[in-house]
Each structure stands twice: as C-alpha cells, then as structure tokens.
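Here is a short tour of the fold, written for someone who would rather look at a structure than read a list. Keep the viewer open as you go.

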Amino acid sequence: MSDHRDVLDGRVAVVTGGSRGIGRAIVQHLARAGATVVIGDLNEPSDLDDGGSITCAHLDVATEDSVVTFISEVVASHGNLDIVVNNAGIMFEEPVVGHSVDRWTKALAVNLTGPFLMAKHAAEHLAARQGIVVNIGSIEGYACNPNHAAYAATKGGVHGLTKALAVDLGPMGIRCNAVAPGWIDTELNASYIDSHPDRDKIVDALAKLHPIGRIGDPTDVADVVTWLAGPDSAFVTGQVITIDGGRTARPNLPSALW
Ligand SMILES: NC(=O)c1ccc[n+]([C@@H]2O[C@H](COP(=O)([O-])OP(=O)(O)OC[C@H]3O[C@@H](n4cnc5c(N)ncnc54)[C@H](O)[C@@H]3O)[C@@H](O)[C@H]2O)c1
C-alpha cells in the first residue's frame with residue numbers, strides 16, 4: 001500500500017466541474033495526495049485554500065473548442081497531464097412524454113459528450129504518462145428515478161464509454177474506470193430535500209434506504225476516485241465501482257415486511 005500523502009506527487013490532474021460538490025472534494029483529495037490540480041468549470045470556486053497546488057480555468061465540457069483550449073493551457077502551464085476526472089454533470093426532472101429535445105440534447109452534451117471530448121483530446125498527453133481517466137457515472141446508469149430519462153440515459157452511456165475508453169486507450173497505457181455514486185449530499189439534489197414540507201422526515205427516510213444508515217458525502221466518492229487515480233489500482237481498468245452505502249444491493253420490499 002502506498003503512502004496516501006504522497007501517492008500522486010508529481011502528477012498533474014484535471015477535474016471537470018471541480019468548483020463545488022463532489023468535484024470539489026475530489027480536487028481536495030487529489031491535491032492532498034500530492035497532485036497539482038486544475039479545476040475546469042463554467043464557474044470559479046468560491047475559495048482556493050490550498051497554497052497554490054489547485055488552480056481553476058474556464059471550461060465548458062460540452063464545447064469541443066473549449067476542451068481543446070483548456071487541455072492545451074494545462075499542458076502549457078504544467079508540462080504534463082496525468083489524470084482526467086470527468087465529473088461535470090447536470091440533472092433535471094422532465095417526463096418522457098413532452099420532453100424538450102433541447103434539454104435532452106444539453107444533457108447528452110454535458111454528461112456524455114463532455115467525457116468523450118476530454119478523453120479524446122487528453123489521450124495523446126496521458127499516453128506518455130501511463131495516464132488515468134476516471135468518469136463519474138451514477139446508480140442511475142443502472143436504474144432510473146421518475147422523470148430522469150435524459151440523466152439516466154447519459155449515465156448509462158458514461159458506464160459504456162468507460163469500457164470503450166479502457167479498451168481503446170489501454171494499449172496506449174491509459175487506464176479508465178468509473179464510479180457510480182448513489183445519493184450524495186450536494187446542491188445537485190438538495191432541492192429534493194429542501195423543498196419538502198417535512199425536511200427531517202425525508203432525510204430520515206432517505207437514510208433508511210441505505211443499509212449503512214446514511215446518505216453519502218462528497219468525500220465518500222473522492223476517496224475511491226483518489227484510489228483509482230493512483231498506483232494501488234494499477235491492474236483495474238474498464239470497471240464501474242458503485243459507491244452507494246449498499247442501496248442498490250437491497251431490492252425494495254413492502255415496508256410492512258421489514
Ligand atoms: N450528488 C449526487 O447524488 C450524485 C449521484 C450520482 C452521480 N453524481 C454525479 O456527480 C457529478 C457531480 O455532481 P454534484 O452533485 O457535485 O453536482 P453539482 O451540481 O454540485 O456540481 C456540478 C459542477 O459541474 C459544473 N458544470 C456543469 N456544467 C458544466 C459544463 N458544461 N462544463 C464544465 N463544468 C460544468 C458546475 O458548474 C458545478 O461546479 C455529476 O456528474 C453528477 O451527475 C452526483
């Protein structure tokens with residue numbers, strides 16, 4: 001087992017959507033493990049409290065020109081690129097019947113085309129460095145909440161893309177894996193809880209869906225991503241690792257039975 005504190009020393013990582021939420025926790029974990037980290041996001045983080053190993057540059061993952069510019073700037077500034085974490089994502093609620101094609105296309109562009117573009121344009125740099133790609137999928141790549149057709153379709157696509165990247169880029173020395181988080185406490189899904197008339201009751205009910213008795217924290221995801229980005233996972237590629245407190249391990253039963 002490597003020393004967690006310096007396992008990524010000398011490595012340059014980019015984290016898309018790293019300004020808040022899960023991405024922000026990933027940025028902090030990678031930096032703590034020794035990496036130089038560049039956040040690529042539409043928005044700047046509210047603070048950069050790291051002593052210089054974390055910077056931020058504008059990136060729209062849905063636009064190829066923006067991806068090309070971002071990656072060239074990272075390589076020009078830091079000399080290398082070793083780790084790409086495709087975390088940027090959007091989610092909204094819309095039923096299939098009457099679904100806006102514009103919103104469907106937007107979800108595909110950010111959640112699925114974004115990781116494809118990042119891998120496509122980072123590959124030549126990653127290849128020289130035994131590089132790593134980690135995609136953020138979702139348990140909604142396996143199953144779907146109501147009114148989440150676009151989100152679930154893109155996350156299922158991310159899981160498939162992960163295998164395609166592992167197969168196509170493996171011979172270049174690049175590993176690619178994904179994580180599939182369950183319910184993680186971020187602004188992405190806070191509105192579900194915050195708009196509920198009895199917030200405490202809904203938090204309790206959500207926790208009970210999980211065999212370990214709680215919802216997830218961004219650091220739960222960041223821990224696994226950091227392992228996938230480092231040498232201790234050297235023989236792991238093409239995998240989707242579920243991080244959901246056991247939620248998908250337990251099929252639903254009528255509540256009267258348990
Ligand atoms: N929160 C959860 O419960 C959960 C569960 C499973 C998977 N995920 C996935 O984890 C990832 C992060 O989710 P989160 O909860 O931290 O979300 P979040 O909304 O808190 O943060 C998303 C970040 O992505 C950035 N972003 C959005 N569009 C972008 C674009 N086009 N280009 C660059 N950056 C862009 C946003 O500015 C923001 O900083 C997403 O891919 C999401 O689908 C989240």
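Of the 258 residues of the chain, 41% count as buried. Please bear in mind that this is a predicted model.

**Overall build**

A compact globule of 258 residues would have a radius of gyration near 18 Å, and the chain agrees with that because its own value is 18 Å. Along the principal axes, the C-alpha atoms fill a box of roughly 60 × 45 × 35 Å. Looking at contacts in the chain with a separation of 6 or more, 72% are between residues 24 or more positions apart.

The chain has 7 helices and 7 strands. Read from the N terminus, the elements come in the order β-α-β-β-α-β-α-β-α-β-α-α-α-β.

**The sheet**

In what order do the strands of the open sheet lie? The 7 strands are arranged β3-β2-β1-β4-β5-β6-β7, with parallel pairing. At the edges are β3 (54–58) and β7 (240–243), each of which pairs on one side only. From one strand to the next, the twist averages 20°.

As general background, strands of a sheet pair through backbone hydrogen bonds, either parallel or antiparallel. The table gives some of the pairings in this sheet, each with residues that stand opposite one another.

| Strand pair | Bridges | Opposite residues |
|---|---|---|
| β1 (12–16) and β4 | 3, parallel | Val14 and Val84 |
| β4 and β5 | 4, parallel | Ile83 and Ile132 |
| β6 (175–181) and β7 | 4, parallel | Ala178 and Val240 |

Helix α4 (residues 149–169) packs on this sheet and touches β5 (132–136), β6 and β7. The direction of α4 makes about 165° with that of β6.

**Two strands with buried residues**

In a regular strand the side chains alternate between the two faces of the sheet. You can follow this in strand β4 (residues 83–86): Ile83 and Val85 point one way, Val84 and Asn86 point the other way, and all are buried.

Next to β4 comes β5 in the strand order. Here 5 of the 5 residues are buried, so β5 is largely enclosed by the rest of the structure. Both of its faces are covered, with Ile132, Val134 and Ile136 on one side and Val133 and Asn135 on the other. Asn135 of β5 stands opposite Asn86, which is itself among the buried residues of β4.

**A buried residue in helix α7**

Now turn to Val221, which sits in helix α7 (residues 218–229). Is Val221 buried or exposed? There are 26 other C-beta atoms within 10 Å of Val221, and it is buried because 20 or more is the cut-off. Setting aside neighbours within four places in sequence, the contacts of Val221 are Ile22, Ala25, Ile26, Val179, Pro181, Ile184, Gly216 and Ile243. Several parts of the fold appear in that list: Val179 and Pro181 fall in strand β6 (residues 175–181), while Ile243 falls in β7 (240–243). Ile22, Ala25 and Ile26 belong to α1 (21–32). By contrast, Ala249 is 28 residues from Val221 in sequence and 18 Å away in space, C-alpha to C-alpha.

**Around the ligand**

Which residues are closest to the ligand? They are Gly17, Gly21, Gly89, Thr186 and Leu188, out of 29 residues that surround it. The elements that give two or more residues to this shell are α1 (21–32) and α5 (187–194). By character, the shell divides into 14 nonpolar, 11 polar and 4 charged residues.

**Two loop residues with positive phi**

Two loop residues on either side of β5 deserve a look. Gln130 lies in the loop between α3 (101–127) and β5, and has a positive phi of about 55° although it is not a glycine. Gln130 is partly exposed, with 14 other C-beta atoms within 10 Å.

Asn147 is in the loop between β5 and α4. Its phi is also positive, at about 65°, and Asn147 is not a glycine either. With 13 other C-beta atoms within 10 Å, Asn147 is partly exposed.

Key
Residues numbered from 1 in each chain as written. Predicted model: local features only at pLDDT ≥ 70, side-chain atom pairs only at ≥ 80, totals over all residues. Near = placed C-beta within 6 Å. Nonpolar A, V, L, I, M, F, W, Y, C, P; charged D, E, K, R; others polar. Pairing = 2+ DSSP bridges. Axes fitted to C-alpha atoms, helices over the stretch in contact; angles between N-to-C directions. Contact = placed C-beta atoms within 7 Å. Rg over C-alpha atoms; globule rule 2.2 N^0.38 Å. Buried ≥ 20, exposed ≤ 12 C-beta atoms within 10 Å, placed from the backbone.
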